[in-house]
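Please look over the structure below. This briefing takes one helix, one strand and the ligand surroundings in turn.

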Amino acid sequence: MFQCRVDSVVSPAELRDAIAVGSEEDAQLASEDRKRLVAKENQLRSILMTQKLIPPGIRGPLKFHLKPQAADFLGGPFNGQCFRQFIFIELLNISKFSAIVETGTYRGSTTLFMAKNTTLPIYTVEFDPEHFAFAKYRLREYSRVSIKRGDSRSFLKSLSFKADDRLFFYLDAHWREDLPLAEEVDYIVNRFCSFVIMIDDFLVPGDAGYSYDDYGPGKQLSLRDFPFHKNSKVNCYFPGCPSQLESGTKRGCIVLASDDMRKDLESVTSLSLMS
Ligand SMILES: C[S@@+](CC[C@H](N)C(=O)[O-])C[C@H]1O[C@@H](n2cnc3c(N)ncnc32)[C@H](O)[C@@H]1O
């Protein structure tokens, strides 16, 4: 009997059994039978994908297999933005980070890119149980990647780094009314002394071609509502490339760096220091 679990991720064998449609003998079926089988399979796919009774811990891996195009729904790693991917690679090459932390895993596109392009341990957190299960299954072969389900604020507090560890943060847990960004940044800035924080979906001053998130009064992801430039513990950087030359969904971003990272960031060509 196939057991449904809510927060855990099914094994490949369980998954195979659960979605097994037909067998080797099917290959010998006459073409009419084959067509009927394909129609049945498609019907099963849509039932599985719409059936909310299937617990998220199983729906996530099922979606990974049955709807592979869902994996890169947001355009791919870093929203499918080549220049942003380059910023990440440049930062990682220049600063000797000891770990990467991401908030808002979603389906693990950016996490996978980070895992493929670095050898660092990666810690990521996702609130939604189905996205969590999807990403956990997608990244199951990367033992360096630790994916937790929960709220980004408590997740950050649970990380057991030393205050002087050199850390790269990618803050992308914004999708709902409840916006954890201010608390995430406050915690990182006051807890650590060597950090670089990249915040996705942030307004890039002077370049309207980069889009950004706005969740209503006081919740626009911009320096107006999040005045990081007034915080003496951080230096602010924006993409050094105009939006016309960026690819993918052209989401804006801001990069915040602690003072002791400033020297390293002087040689990062893909970022401009806010003066
Ligand atoms: C824009 S998506 C992240 C995309 C992902 N970083 C990528 O590049 O593929 C935002 C995700 O953050 C999650 N999220 C929103 N608020 C959260 C919170 N407080 N803690 C953890 N995850 C959260 C959402 O469920 C959603 O999956």
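The buried residues of α4 are covered by elements that include α5 (109-117), β4 (166-171), β5 (194-200), β6 (235-239), β7 (253-257) and β8 (271-273). The model is a predicted one. Two of these covering elements, α5 and β5, return in the points that follow.

**Helix α4**
- Helix α4 spans residues 82-94, 13 residues in total.
- From first C-alpha to last, α4 reaches 18 Å, close to the 18 Å expected at 1.5 Å a residue.
- Buried residues in α4 are Arg84, Gln85, Ile87, Phe88 and Leu91.
- These five lie on the same side of α4, because they cover an arc of only 155° around the axis.

**Strand β5**
- Strand β5 is mostly covered, with seven of its seven residues buried.
- Ser194, Val196, Met198 and Asp200 point one way from β5.
- Phe195, Ile197 and Ile199 point the other way, and the residues on both sides are buried.
- β4 and β5 run parallel and are joined by six bridges.
- One bridge partner in β5 is serine 194, which pairs with arginine 166.

**Ligand shell**
- The ligand has 18 residues around it.
- Gly104, Tyr106, Thr110, Phe127 and Ser152 come nearest.
- At least two residues of the shell come from α5, and at least two from β2 (122-126).
- By character, the shell residues divide into seven nonpolar, six polar and five charged.

Methods
Residues numbered from 1 in each chain as written. Predicted model: local features only at pLDDT ≥ 70, side-chain atom pairs only at ≥ 80, totals over all residues. Helix = DSSP H or I, 4+ residues; strand = E, 2+ residues; numbered from the N terminus. Expected span 1.5 Å × (residues − 1). Buried ≥ 20, exposed ≤ 12 C-beta atoms within 10 Å, placed from the backbone. Arc of directions from axis to C-beta. Contact = placed C-beta atoms within 7 Å. Near = placed C-beta within 6 Å. Nonpolar A, V, L, I, M, F, W, Y, C, P; charged D, E, K, R; others polar. Pairing = 2+ DSSP bridges.
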